[in-house]
Amino acid sequence: MQVDFYHLTLQPLDRVLPRIAERVVEGGGRLLVVAESPDQRGALDRLLWTYAPDSFLPHAQADGEGDTAQPILIAEQPVAANTARNIALADGIWREEALGFDRAFHFFDEDRIGAARAVWKALADRPEIERRYWKQNDNGRWEQAA
């Protein structure tokens, strides 16, 4: 199990999440995107349709008829009706259920850095979990810092 911590400093979530979602889907995987707020889930839904003029990411919000067929599903809870093995915690809130997936992407900004550090430390003693910490350099490129 791998947990990737993404510290959002120079680019906001709406610039980072679509690129990761693209990679997951292009690799044949499925992704569950979790956000507590209905407003944020709605914004993510719109984002995945419009983030690039020449493409879109096939997706839906959870609790629809076609949830099981969706490559990307946006949900309030970490329950993968689309059988995703990848989860993106888009609202900066860690959920222990993420450990039931093969890979978790934990996005957080400065407001949530303390909580993210606590999760990082809590997962340190779990040998079955590979942790990676990503930060942006001065040019906005992602670098693995730990």
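The following numbered points describe a predicted model, beginning with its sheet and ending with one buried arginine.

1. The sheet. Eight strands make up an open sheet of mixed pairing, and their order across it is S3-S4-S2-S5-S6-S1-S7-S8. The edges are held by strand S3 (59-61) and strand S8 (142-144); each has a single partner strand, so one side of each lacks a neighbour in the sheet. From one strand to the next, the twist averages 20°.

2. A parallel pair. Within this sheet, strand S1 (residues 2-7) pairs with strand S7 (residues 130-136) in the parallel sense, over five bridges. Tyr 6 has Trp 134 of S7 standing opposite.

3. A helix across the sheet. Helix H1 covers residues 13-26 and lies across S1, strand S2 (31-34), strand S4 (72-75), strand S5 (86-89), strand S6 (103-108) and S8. Its direction is at about 170° to that of S6.

4. The largest nonpolar core. In soluble globular proteins, nonpolar side chains tend to be buried together. Here the largest nonpolar core contains 24 residues, and those with the most contacts inside it are Leu 31, Val 33, Leu 44, Phe 105 and Phe 107. Two or more residues come from each of H1, S2, helix H2 (38-50), S4 and S6. The greatest contribution, six residues, is that of H1.

5. The surroundings of Phe 105. Neighbours within four places in sequence being set aside, Phe 105 is in contact with Asp 4, Tyr 6, Ile 20, Val 24, Leu 31, Asn 86, Ile 87, Ala 88 and Leu 89. The Tyr 6 in this list is the residue that stands opposite Trp 134.

6. Another core. Apart from the largest core lies another, of 23 residues. Ala 84, Trp 94, Ala 98 and Phe 108 are among its members.

7. A buried arginine. Is Arg 95, at 11% relative accessibility, buried or exposed? Residues under 20% are classed as buried, and Arg 95 therefore counts as buried at 11%. Arg 95 is found in the loop between S5 and S6.

8. The contacts of Arg 95. Which side chain is joined to that of Arg 95 by a polar contact of 2.6 Å? The partner is Asp 91. In addition, a polar atom of the Arg 95 side chain lies 2.7 Å from the backbone oxygen of Ile 93. Beyond its neighbours within four places in sequence, Arg 95 is in contact with Val 34, Ala 35, Glu 36, Glu 76, Pro 78 and Leu 89. Gly 42, by contrast, is 53 residues from Arg 95 in sequence and 20 Å away in space, C-alpha to C-alpha.

Technical notes: Residues numbered from 1 in each chain as written. Predicted model: local features only at pLDDT ≥ 70, side-chain atom pairs only at ≥ 80, totals over all residues. Heavy atoms only, no water. Pairing = 2+ DSSP bridges. Helix = DSSP H or I, 4+ residues; strand = E, 2+ residues; numbered from the N terminus. Axes fitted to C-alpha atoms, helices over the stretch in contact; angles between N-to-C directions. Contact = heavy atoms within 4.5 Å. Buried < 20%, exposed > 50% of the residue type's maximum accessible area, 1.4 Å probe, protein only. Polar contact = N/O pair within 3.5 Å; in protein donor to acceptor, adjacent residues only side chain to side chain. Core = buried A, V, L, I, M, F, W, Y, C linked by side-chain atoms within 4.5 Å.
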